[in-house]
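Subject: Structure for you, with notes

Hello,

Here is the structure I said I would pass on. Please open it alongside the notes further down.

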Amino acid sequence: LTLQNGATTSSAGKMGNGLTLDGSDDYAQASDDGAFVMNADWSIEAWIKAENTASGTIIAIADGDGTEEDDELSIHFNDANRLQVCGGDDSSCATTAETFSTGIWYHIAVTHDYENSFTNAVDIYINNKRVVENNGFTDLDANRVGNDIIIGKGDEDDATANFEGVIDEVRILDYQSMAFGG
């Protein structure tokens with residue numbers, strides 16, 4: 001994991017040291033090396049404490065070229081303080097009805113159930129409660145080349161894509177988990 005543009009780890013985390021981001025240009029990045037398979041079952045989870053819930057990407061699987069494409073994934077806040085999971089150019093999204101508040105720790109998780117390239121489903125959990133279930137999600141492309149795991153920043157060239165707050169205990173699993181260690 002490489003910290004970029006002033007991102008720091010500090011004792012402000014939920015379970016020890018967390019990734020502290022200022023919302024302007026900080027993020028952390030790790031090479032995926034093909035380990036994360038988009039068109040398969042998977043789970044992504046993290047503890048988050050946001051200082052701004054009207055925007056900001058928590059986790060992205062992207063190539064970092066400044067353009068969202070079909071072979072990318074983004075877990076972020078939308079402008080209504082809701083968690084949103086989008087594939088590609090945001091044409092396929094799952095959004096929570098629940099809103100988030102600043103300064104509060106939340107455990108979030110997203111699971112992907114892959115059947116075939118036309119039948120996918122995404123579930124979203126907040127504090128171990130499933131709040132979005134079997135949301136049809138068809139915009140995940142298998143042809144991923146060169147994507148990285150980016151924490152705290154999206155792939156679009158937009159300052160609102162940056163997360164402000166603390167992210168801790170990010171886990172990416174290669175199966176669809178239904179119970180989380182939050």
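The notes below cover aromatic rings, charges over rings, and cavities.

Please keep in mind that this is a predicted model.

Aromatic rings. The structure has three aromatic pairs. In one of them, Phe-77 and Phe-100 meet edge-to-face, with 5.2 Å centre to centre and 70° between the planes. Phe-77 belongs to strand 7 (residues 73–77), while Phe-100 is in the loop between strand 9 (92–99) and strand 10, so this pair ties together parts that are 23 residues apart in sequence. Phe-77 and Phe-100 are both buried. Phe-100 also pairs with Tyr-106, again edge-to-face, at 4.6 Å centre to centre and 65° between the planes. Tyr-106 is buried, as is Phe-100. With Phe-163 included, ring pairs link Phe-77, Phe-100 and Tyr-106 into a cluster.

Charges over rings. The charged end of Lys-14 sits over the ring of Trp-47, 4.8 Å from the ring's centre. Over the face of Tyr-27 lies Lys-153, at 5.4 Å from the ring centre.

Cavities. Searching the whole structure gives two cavities of 30 Å³ or more. The second largest has a volume of about 30 Å³. Its lining is made up of eight nonpolar residues, no polar ones and one charged. Among the lining residues are Ile-44, Glu-45, Ile-58, Ile-75 and Val-110. Strand 5 (42–50), strand 6 (57–62) and strand 10 (105–116) each contribute at least two residues to that lining.

Regards

Note on methods
Residues numbered from 1 in each chain as written. Predicted model: local features only at pLDDT ≥ 70, side-chain atom pairs only at ≥ 80, totals over all residues. Heavy atoms only, no water. 1 Å grid on protein atoms, 1.4 Å probe; cavity = no way out; pocket = protein on both sides within 12 Å on 5 of 7 lines; lining within 4 Å. Points joined across faces, edges and corners; volume = space filled by probe spheres on them. Helix = DSSP H or I, 4+ residues; strand = E, 2+ residues; numbered from the N terminus. Nonpolar A, V, L, I, M, F, W, Y, C, P; charged D, E, K, R; others polar. Phe/Tyr/Trp six-rings, centres within 6.5 Å; stacked < 30°, edge-to-face > 60°. Buried < 20%, exposed > 50% of the residue type's maximum accessible area, 1.4 Å probe, protein only. Lys NZ or Arg CZ within 6 Å of the ring centre and 35° of its normal.
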